[in-house]
There are 2 protein chains.
Amino acid sequence: MPELRHDPIQKRWVIIASERGRRPMDFTPHAVAPQSEATCPFCPGHESLTPHEILAFRPSGGVNAPGWGVRVVPNRFPALMIEGELGRAAVGQYDRINGIGAHEVIIETPEHHKSLAELPPTQIALVLRAYRDRLADLMKDSRFKYIVVFKNHGDAAGASLAHSHSQLIATPVTPRTVAIELAAAREHFRLKERCIFCDILAQETETRKRIVAMGPHYVTLCPYASRFPFEMMLMPRRHQHDFSTLSDEALNQLAHHLKDVLLRMNKSLGNPSYNFLLHTCPNTRAGIQRAEYWKTLEADFHWHIEILPRLSNVAGFEWGTGFYINPTPPEEAATYMREVRL
Amino acid sequence: MPELRHDPIQKRWVIIASERGRRPMDFTPHAVAPQSEATCPFCPGHESLTPHEILAFRPSGGVNAPGWGVRVVPNRFPALMIEGELGRAAVGQYDRINGIGAHEVIIETPEHHKSLAELPPTQIALVLRAYRDRLADLMKDSRFKYIVVFKNHGDAAGASLAHSHSQLIATPVTPRTVAIELAAAREHFRLKERCIFCDILAQETETRKRIVAMGPHYVTLCPYASRFPFEMMLMPRRHQHDFSTLSDEALNQLAHHLKDVLLRMNKSLGNPSYNFLLHTCPNTRAGIQRAEYWKTLEADFHWHIEILPRLSNVAGFEWGTGFYINPTPPEEAATYMREVRL
């Protein structure tokens, strides 16, 4: 069973995936082997190579068989285990929790060679529906405090399989980055009774300096204090805290906007590796103090997607200090991407 | 002039190094060219290829000329500028500070092909003296709240020059990772009137499960909640908060311990790329409220060195959540390194 362990100094939970138990010789560097359709576990006809599907969108019937548009399966090498009790324990002065959670893969298309940006908006909308439906389903499980949806595209972003896919991880703790965001948003709301993300949107849509794309429903911008060159944040223009409650229509609109932004990034930067992360609200059904703790959540939090092109190596300075050096001012990055002709 | 910008949601300062102003085409991936002694700016005889030296240890006289054992120079492409006023300003709801700071390079040896681990302990002690002396000098500058000493060894760790060197960056803000550590240590002290690092040392030296090396003065262990495989933390056994006040004798002892640990890591993992970071106390001469704010600093903080082998790719999940998945339990990592025969 994997474990969650708490770092008492950094106030950070870490997953120790002991099942994978890697020894020194396992870390010999090797490139990811390019994968052919013949052996790809995510291609139609190879459904038996994955664990049983959790969700699939199919025009007609069937299960674990071809005919799907988007398919969600458990990760074959999960970082956390779905079965079991949370089991919290002290280890001397330290804290641990059993490695309970969910780790799923969202296969975004039956087509082996198509990237997310190349898919038609209707197909991207299906992917977003899978995110929404899985979020809504996993939020029924009170063991899970948070569910992160993320995507690693390309070698430099940590993708291990070429066939386009996203992942989600449900955890019994709130990840630190999200916890910091939630606390900052709550503090801002407490002082001002306004959403901090809405305030940022107001300033950004007024100055327009850092806007990459602005549609009627969504805006993508390069954050004022971007950590990475060409980092982006995508947000709904109207205040919304919970991705799991979006309508099909809202997801269709988001699909168009997301495709536009990914194409701008690809054209500006030559199809870079990238990571993308959905930050939605935490699971309010988790834990007994949740109702009180997240009292103003609906008003103070605003879901968003971080898009992080992986352009340069990150050195130890960043790992050890949390302090980033970004060589490209976000105003310049936004201008490049905004002015791309699609 | 570079800028420091504050992220209001993540509560994090970022350096926007606008002078480097990188455009999309500058990010085309390329391997670091191996560098020969003939063109290496850090080799003796090439002193004119670096900015003027700030500090050098030479048995006999001379300046910016061969004969040195360790040499400290300004970084030729500094992330922050040493000259100027701090200049704090609001940008709408955002906050910025002029990019004032110091960025120096510590050239660890005149020998082009020797790594830090291969140097004799007397030479490593000289490197540590350079750290100490530069820290002590920069702490006289009240513009700087914190000084990070760090080392990137090898391509995967972000080293851009092969000749063995460390760096330091002095910043007008405390980096977030350090700020979290300082706050956690202070809170622990407030509750218990004990140093959290001393408490950890007590548990670790008793169970011995995660100890890599234990000498009379220093201990290196794999932290209970290690983020990375084979991550290590080196600490003095006696409580000390300020690296800049260490005696030559203490640095000699540290040099022996550090060499031992680096050799254990190199032998276990086949000379991996690694990062190393010194976390010492913040500069108590910076800012007017410092004296009050850091009232218990001497008692609550404990300097330490993080050593992070760079073995596996880090994916977007980690960047976007601050949540790490470590495939090697620290107990196993420590056992490997402890049992290495040197």
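Start where the two chains meet: select strand β2 (residues 12-16) of chain A and strand β15 (residues 324-326) of chain B, which pair in the parallel sense over three bridges. Within this pairing, pick I16(A) and look across to N326(B) in β15(B), which stands opposite. Keep in mind that the model is predicted.

Next, show the whole contact between the chains. Chain B puts in 72 residues and chain A puts in 72 residues. Which helix of chain B gives the most to the side that touches chain A? Select residues 176-192 of chain B: this is helix α2, and seven of the residues on that side come from it. Colour the side of chain B that touches chain A by class, and you will find 39 nonpolar, 21 polar and 12 charged residues.

Now show both chains whole. In general, two copies of a chain are related by a rotation about an axis and a shift along it. Here, a turn of 180 degrees and a shift of 0.0 Å along the axis lay chain B on chain A with an RMSD of 0.0 Å. The two copies are therefore related as by a two-fold rotation axis. Both copies use the same surface, since 100% of the contact residues of chain B recur in chain A.

Hide chain B and stay with chain A. Select the open sheet of 10 strands, and follow the order β3-β4-β7-β9-β8-β13-β14-β12-β11-β10, with antiparallel pairing. Its edge strands are β3 (55-57) and β10 (211-214) of chain A, each of which pairs on one side only. From one strand to the next, the twist averages 20 degrees.

Inside this sheet, zoom in on strand β7 (residues 102-107) and strand β9 (residues 165-171) of chain A, which run antiparallel and are joined by six bridges. Select I107(A) here: its bridge partner in β9(A) is H165(A).

Move to the edge strand β10(A) and add residues 330-338 of chain A. This is helix α8, which lies across β10 and β11 (218-221) of chain A and runs at about 40 degrees to β10(A).

The last stop is helix α2 (residues 176-192) of chain A. Its 17 residues should span 24 Å at 1.5 Å a residue, and the C-alpha atoms at its ends are 24 Å apart, so the two agree. Which residues of α2(A) are buried? Select T177(A), V178(A), I180(A), E181(A), L182(A), A185(A) and H188(A) to see them. An α-helix has 3.6 residues a turn, so residues three or four places apart point the same way. Finish on E193(A), which follows α2(A) and has a positive phi, near 50 degrees.

Key. Residues are numbered from 1 along each chain as its sequence is written. Chains are lettered from A and ligands numbered from 1 in the order in which they are written. This is a predicted model: local features need pLDDT of at least 70, side-chain atom pairs count only at pLDDT 80 or more; totals for chains, interfaces and linings use all residues. Two residues are in contact if their C-beta atoms, placed from the backbone, lie within 7 Å. Helices (H or I, at least four residues) and strands (E, at least two) are DSSP runs, numbered from the N terminus. Ala, Val, Leu, Ile, Met, Phe, Trp, Tyr, Cys and Pro count as nonpolar, Asp, Glu, Lys and Arg as charged, and the others, Gly among them, as polar. Two strands pair if DSSP finds at least two bridges between them. Axes are lines fitted to C-alpha atoms, for helices over the stretch in contact, and angles run from 0 to 180 degrees between N-to-C directions. The expected span of a helix is 1.5 Å times one less than its number of residues. A residue is buried if 20 or more other C-beta atoms lie within 10 Å of its own, exposed if 12 or fewer, and partly exposed in between; C-beta atoms are placed from the backbone. Copies are superposed by least squares on the C-alpha atoms of residues with pLDDT of at least 70 in both.
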